[in-house]
Amino acid sequence: WNEVTTSFRAGMPLRKHRQHFKKYGNCFTAGEAVDWLYDLLRNNSNFGPEVTRQQTIQLLRKFLKNHVIEDIKGKWGSENLDDNSQLFSNPFSFPPIPQENAGKMNCEIINEDQENSVNNREISQEDVEEVWKYVILTYLQTILGVSSLEEVINPKQVIPQYVMYNMTNTSKHGIVILQDKSDDLPHWVLSAMKCLANWPRSNDLNNPTYVGFERDVFRTIADYFLHLPEPLLTFEYYELFVNILGLLQPHLERVAIDALQLCCLLLPPPNRRKLQLLMRMISRMSQNVDMPRLHDTMGTRSLIKNPGEELIAPLPTYSYCKQISTQEFDEQKVSTSQAAISELLENIIKNKSLPLKEKRKKLKQVRE
């Protein structure tokens with residue numbers, strides 16, 4: 001999607017068109033867009049010559065739906081596009097301003113070369129980055145089904161270079177490949193993770209020679225990730241992920257997954273790579289029936305979700321809950337809620353990095 005939309009914005013020819021006795025600059029007809037995009041898709045390795053013209057039209061309809069293009073009146077959000085002479089424009093190009101026909105033909109001829117030079121201007125790196133930023137924000141808004149992302153994310157948090165790198169520098173498995181190896185996981189952590197992910201077929205280490213070897217390896221990996229100076233999702237994007245989860249209903253699991261996956265593209269490439277490798281190891285360990293027990297009283301699937309102190313102190317063998325009275329429950333409900341609100345207020349007030357305006361906004365939210 002990103003590759004095609006970027007190519008379309010950068011390469012789709014824009015010119016003057018007449019419609020209903022008016023002249024519009026910097027636009028194209030739906031038929032021209034179909035011709036150009038059809039040729040692009042047929043010569044793209046990700047699509048190929050089997051792409052049909054009807055599929056191309058369907059893709060252009062998605063462009064209009066997601067504001068990659070708009071009609072000459074600035075309308076978008078529908079899929080009202082057919083292979084005809086209807087006029088459309090690129091939202092990032094100069095707007096298709098109607099021009100008077102009568103009495104100005106000479107001036108238009110004189111300015112033709114100037115307009116052509118503007119239309120054919122070279123696409124800068126800033127233009128490309130702006131497109132990436134616009135597309136990912138539009139796509140996130142579409143997934144969440146909200147009218148605005150104001151309460152979800154500040155557009156300034158989107159760093160296009162991160163997104164571009166995360167999308168284009170990957171292995172065949174989709175794992176980010178870092179150019180600067182100093183930002184990668186230490187070699188001993190990678191070896192330990194590969195050992196557990198491929199258990200018992202490890203590429204780097206021989207089979208263990210003592211009982212409890214797997215536990216020691218897992219404890220080493222967990223210790224590394226638990227003592228990172230910052231979470232892999234970063235402090236900056238923590239509120240973003242919380243906001244997304246807060247917007248969604250519990251039954252909208254697919255929507256949540258799509259939104260969170262998209263937001264993970266915003267992470268710095270080293271963080272995204274570490275998170276990908278960690279999740280890949282966890283997935284393989286969870287499905288490996290040959291993996292020895294890593295805990296005396298807890299299964300592997302439960303353990304990798306809650307490493308914490310359980311790595312050192314075994315959990316008790318019972319799993320039932322102690323029933324309390326209604327009065328005790330009501331008392332705990334009030335006291336716990338009050339304590340949590342007090343702690344939240346104190347954290348907001350003492351946060352020196354939070355602007356005063358933002359503090360007032362958050363305090364207002366707490367009051368509401």
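In the predicted model, Arg-53 is partly exposed, with a relative accessibility of 29%. This residue forms a salt bridge with Asp-35, in which the closest N and O atoms are 2.5 Å apart. Because Arg-53 lies in helix α3 (residues 53-65) and Asp-35 in helix α2, the pair ties together parts that are 18 residues apart in sequence. Asp-35 likewise counts as partly exposed, at 43% relative accessibility. The contact belongs to a network of salt bridges that links Asp-35, Arg-53 and Asp-83.

Eleven salt bridges are found in the structure. One of them joins the side chains of Arg-15 and Glu-32, with an N to O distance of 2.4 Å. Arg-15 is located in strand β1 and Glu-32 in helix α2 (residues 30-42), so this pair connects parts separated by 17 residues in sequence. Both partners are partly exposed: the relative accessible area is 45% for Arg-15 and 22% for Glu-32. A further salt bridge is formed by Arg-219 and Asp-216, whose closest N and O atoms are 3.2 Å apart. Here the two residues are three positions apart within helix α8 (residues 213-226), a separation of about one helical turn. Arg-219 has a relative accessible area of 33% and is partly exposed, as is Asp-216, at 34%.

Arg-15 also takes part in strand pairing, with Cys-27 as its bridge partner in β2. Strands β1 (residues 15-19) and β2 pair in the antiparallel sense over four bridges. The two strands form a hairpin with two residues between them, and His-20 in the turn adopts a positive phi of about 55°. Strand β2 (residues 22-29) is mostly covered, seven of its eight residues being buried. Strand β2 is additionally joined by two bridges to strand β4 (residues 87-89), and this pairing is also antiparallel. Within β4, Phe-88 stands opposite Phe-28.

With regard to cysteine pairing, zero disulfides are found in a search of the whole structure. For Cys-263, the nearest cysteine sulfur is that of Cys-264, at 7.3 Å, and Cys-263 is in no disulfide. The converse holds for Cys-264, whose nearest cysteine sulfur, that of Cys-263, is 7.3 Å away. Because a disulfide requires the sulfur atoms to lie within 2.5 Å, this separation leaves both residues outside any such bond. Cys-263 and Cys-264 are both buried, with relative accessible areas of 1% and 15%, respectively.

Note on methods:
Residues are numbered from 1 along each chain as its sequence is written. This is a predicted model: local features need pLDDT of at least 70, side-chain atom pairs count only at pLDDT 80 or more; totals for chains, interfaces and linings use all residues. Side-chain values use heavy atoms; hydrogens and water are left out. Buried means under 20% relative accessible area, exposed over 50%, partly exposed in between (1.4 Å probe, protein chains only). Two strands pair if DSSP finds at least two bridges between them. A salt bridge is a side-chain nitrogen of Lys or Arg within 4 Å of a carboxyl oxygen of Asp or Glu.
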